[in-house]
Amino acid sequence: MAYADEKIVEIVQLTLAITNVDIGYLTQIEQDKAVFATFNNLAQRNQQQVYATIEQLKETGLERSVPFAQRYNEQQQKLELPILPTTTIGSFPQSLEVRQARQLWRRGEWSEDRYNTFIEAEIDRWIAYQEELGLDVFVHGEFERTDMVEFFGEKLGGFVFTKNGWVQSYGSRCVKPPVIYGDVTFIEPMTVKETVYAQAQTDKPVKGMLTGPITIMNWSFVRQDIAREEVAYQLAYALRQEVEALEAAGIPIIQVDEPAVREGLPLKANEQQAYLDWSIRAFRMTTCTVQATTQIHTHMCYCDFHDMIASIESMDADVISIETSRSHGELIGSFEQNTYPQGIGLGVYDIHSPRVPAVAEMTSMIDRALQVLSPNIFWINPDCGLKTRKEAETIDALRNMVTATLEARAKLQVQV
């Protein structure tokens with residue numbers, strides 16, 4: 001757990017060791033060894049029950065109870081979704097008021113009850129917006145969350161956080177990656193309260209929203225005394241318990257996002273398939289225990305899709321959404337060469353711009369996708385989460401998206 005100041009001390013100690021200027025360095029080195037031994041022996045780094053359970057899970061097939069074709073029929077009967085269902089990726093705009101409320105709560109100036117009341121009011125507003133817009137599958141908006149990795153790290157065992165360890169994500173956006181120092185453990189449900197509250201406000205299905213094990217790992221500082229693969233399985237086992245808690249609470253759709261899978265791909269080609277194999281196993285460990293009627297979604301950011309299609313299909317998610325609007329035509333070409341049998345949403349507009357795309361632009365995107373994808377498996381959604389967008393532009397863009405979807409449905413009915 002050494003940072004800048006500690007590293008400078010270590011450099012000085014090593015210099016003294018090499019030059020033999022002062023034998024006092026030996027005492028310091030022995031003290032450091034003792035501290036390191038104490039750290040390695042912490043109970044948090046030696047959760048033997050976690051290791052034993054994961055070894056048992058790895059021996060199972062990590063398969064869903066029935067294949068996708070059967071799940072699809074059962075989910076359609078339960079959810080009663082229209083053709084070309086519409087949804088969003090998960091987050092809605094985090095306004096200045098939302099961020100200020102979180103700061104007041106963290107500083108202790110707001111009570112837990114006052115903060116929860118504020119979050120519920122934000123959920124109420126955006127459930128009402130989604131009803132008015134006519135979306136088919138809702139989200140609660142994630143107003144209680146800071147960063148998609150930090151939020152879960154704060155609620156799982158085995159993580160610590162820096163106060164000012166900011167890392168640039170993109171543009172001027174920065175995140176504070178957690179440090180995985182111990183064995184990852186599930187403590188208590190992390191997302192159930194807000195998701196269940198949102199579901200109680202509407203008859204439409206609300207998605208439970210989780211960050212996947214590989215993304216949490218790739219966007220954290222990871223311990224080095226065990227293999228990254230084992231850290232991924234620990235995260236998967238913890239998140240599996242959250243998935244089961246959401247399902248037990250009656251949530252019909254659960255999205256486990258993996259935007260950073262490709263980021264962790266080894267540079268050496270001969271190591272890439274092994275990484276993909278255990279990444280897929282970690283995802284399936286997270287999701288495989290749900291009932292056939294519970295629909296599993298995932299989301300991925302920009303990637304060269306054509307060379308990963310087999311691996312993505314092996315994840316066995318019921319629906320995958322892919323951030324593609326800036327390379328939509330290029331990605332569609334992948335489906336002209338490869339068949340993808342599960343549900344898929346190709347983002348129909350770019351959320352990284354404040355510009356509200358016209359209905360005609362989205363209609364063109366949808367028409368192009370339907371040339372190679374069956375309307376039975378195609379979902380309509382934005383490219384990514386809407387956390388960084390403003391409220392007015394978000395509502396206008398989603399309204400155009402729904403209008404484009406209705407036009408596409410009308411064309412399909414005419415064709416039939």
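# Reading sheets, burial and charge patches

Trainee: In what order do the three strands of the open sheet with mixed pairing stand?

Mentor: The order in this open sheet is β1-β4-β6. Two strands count as paired if DSSP finds at least two bridges between them. Strands are DSSP runs of E with at least two residues, helices are runs of H or I with at least four, and both are numbered from the N terminus. This is a predicted model, in which local features need pLDDT of at least 70 and side-chain atom pairs count only at pLDDT 80 or more, while totals for chains, interfaces and linings use all residues. Residues are numbered from 1 along each chain as its sequence is written, and side-chain values use heavy atoms, with hydrogens and water left out.

Trainee: Which strands stand at the edges of that sheet, and why is one side of each left without a neighbour?

Mentor: They are β1 (156-160) and β6 (221-222); each has a single partner strand, so one side of each lacks a neighbour in the sheet. β1 pairs with strand β4 (residues 179-186) in the antiparallel sense over four bridges. Within this pairing, V160 stands opposite V179 in β4.

Trainee: What is the order of the six strands in the other open sheet, and what is their pairing?

Mentor: The order is β5-β7-β8-β9-β10-β11, and the pairing is parallel. β5 and β11 (378-379) are the edge strands, each pairing on one side only. Follow the bridges from one strand to the next. Strand β5 (residues 207-211) pairs with β7 in the parallel sense over five bridges, and G208 has I254 in β7 as its bridge partner. Three bridges then join β7 to strand β8 (residues 295-300), again running parallel, with I254 opposite I296 in β8. β8 is joined in turn to strand β9 (residues 319-322) by four bridges, also parallel; here H297 stands opposite V319 in β9.

Trainee: How many residues of strand β7 are buried?

Mentor: Buried means under 20% relative accessible area, exposed means over 50%, and partly exposed lies in between (1.4 Å probe, protein chains only). In strand β7 (residues 253-257), five of five residues are buried. Both faces are covered: I253, Q255 and D257 are buried on one side, and I254 and V256 on the other.

Trainee: Does P178 count as buried or exposed?

Mentor: P178 counts as buried because its relative accessibility is 0%. P178 lies in the loop between β3 and β4. Its C-alpha atom is separated by 40 Å from that of V359, which is 181 residues away along the chain.

Trainee: Which residues gather in the patch of negative charge on the surface?

Mentor: A patch takes residues with over 30% relative accessible area and no salt bridge, joining like charges within 9 Å and nonpolar side chains (Val, Leu, Ile, Met, Phe, Trp, Tyr) within 5 Å. A salt bridge is a side-chain nitrogen of Lys or Arg within 4 Å of a carboxyl oxygen of Asp or Glu. Areas come from the Shrake-Rupley method with a 1.4 Å probe. The negative patch holds D5, E6, E10 and D32. Helix α1 (residues 4-19) gives the largest share, three residues. D32 lies in helix α2 (residues 25-40) and, at 33% relative accessibility, counts as partly exposed.

Trainee: Which residues form the positive surface patch?

Mentor: R99, R173, K387 and K390 form the positive patch. R173 belongs to strand β3 (residues 173-175) and counts as partly exposed because its relative accessibility is 40%.

Definitions and conventions. Lys and Arg count as positive and Asp and Glu as negative; His and the chain ends are not counted. The place of a charge is taken as NZ of Lys, CZ of Arg, CG of Asp or CD of Glu.
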